[in-house]
Amino acid sequence: MDSLENKLGYRFHNQQLLSEALNHSSYANEHRGSLGSNERLEFLGDSVLGFVSAEYLFRGHRDLPEGDLTRMRASLVCEQSLYEVAKELDLGSYLKLGRGEEAGGGRERQSILADAVEAVFAAVYLDGGIEPVRELIIRILLSQAPDNQERKDYKTTLQEVVQRHSGQVLTYHMVSQSGPDHNKTFLFEVRLNDRPIGQGEGRSKKEAEQAAAKDALSSMN
């Protein structure tokens, strides 16, 4: 675990916490009774991440109202952002997976990697308290985020634009998906009153929907 600790910039007093954070449920199920999965740590890590990111934005954007802060936090701590952190840490290579999940490309699966990042955050919190995990989250996630305009919630913005007129209905539809299960690309279309107004691709359905909304907004300008 030395190489992962070097990447995290944190040394664990209790190595078992880090080990558990890397146990996917598929692996724990194959070793039932002897190992726990990282699901409980993921639950705690989600709350730790929510608090640290809320405090970070509260202190850093004193002029913004609650709604803007909420949207910014959602963008910063979304699954895609956590997945990007996991890729930077090469976290997939440290995960312990069951045979089926391993064969199915679980080491590259976005949801598994994002959940593991949250579990690692919880492990650091339990091992060292709030200060080490706050420093870690800010360093590898929050301070690395692009400018807020680049992380804009295009779906919310598009919804706000169309709601200026009554009777407007936005819907998102998957046009196609391609690639293996662990590395899919999705193409989504956004429709206004069942009329196509934009398309976008992404590595996840949420990312593709955001890209479609961005495309629709561009065509409106």
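Two strands are taken as paired if DSSP finds at least two bridges between them, and this tour of a predicted model leads up to such a pairing.

Begin with the whole chain in view: the C-alpha trace spans about 55 × 45 × 25 Å along its principal axes, and the protein holds 11 helices and three strands. Colouring from the N terminus on, you will pass elements in the order α-α-α-α-α-α-α-α-α-α-β-β-β-α. Of the 221 residues, 42% are buried. If you then show the charged side chains, there are 26 positive and 34 negative ones, with the centres of the two sets 1 Å apart.

Next, select the strands, which form an open sheet in the order E1-E2-E3 with antiparallel pairing. Strand E1 (170-178) and strand E3 (195-202) stand at the edges, and because each has a single partner strand, one side of each is left without a neighbour in the sheet. Looking across the sheet, you will find that the twist averages 20° from one strand to the next.

Now narrow the selection to E1 and strand E2 (residues 185-192), which pair in the antiparallel sense over eight bridges; within the sheet, Ser-176 stands opposite Leu-187 in E2.

Then add helix H10 (residues 154-162), which packs on the sheet and touches E1, E2 and E3, its direction making about 145° with that of E1. Finally, select helix H11 (residues 205-220), which lies across E1, E2 and E3 and runs at about 135° to E3.

Key
Residues numbered from 1 in each chain as written. Predicted model: local features only at pLDDT ≥ 70, side-chain atom pairs only at ≥ 80, totals over all residues. Heavy atoms only, no water. Helix = DSSP H or I, 4+ residues; strand = E, 2+ residues; numbered from the N terminus. Buried < 20%, exposed > 50% of the residue type's maximum accessible area, 1.4 Å probe, protein only. Lys, Arg positive; Asp, Glu negative; His and termini not counted. Charge placed at Lys NZ, Arg CZ, Asp CG, Glu CD. Axes fitted to C-alpha atoms, helices over the stretch in contact; angles between N-to-C directions. Contact = heavy atoms within 4.5 Å.
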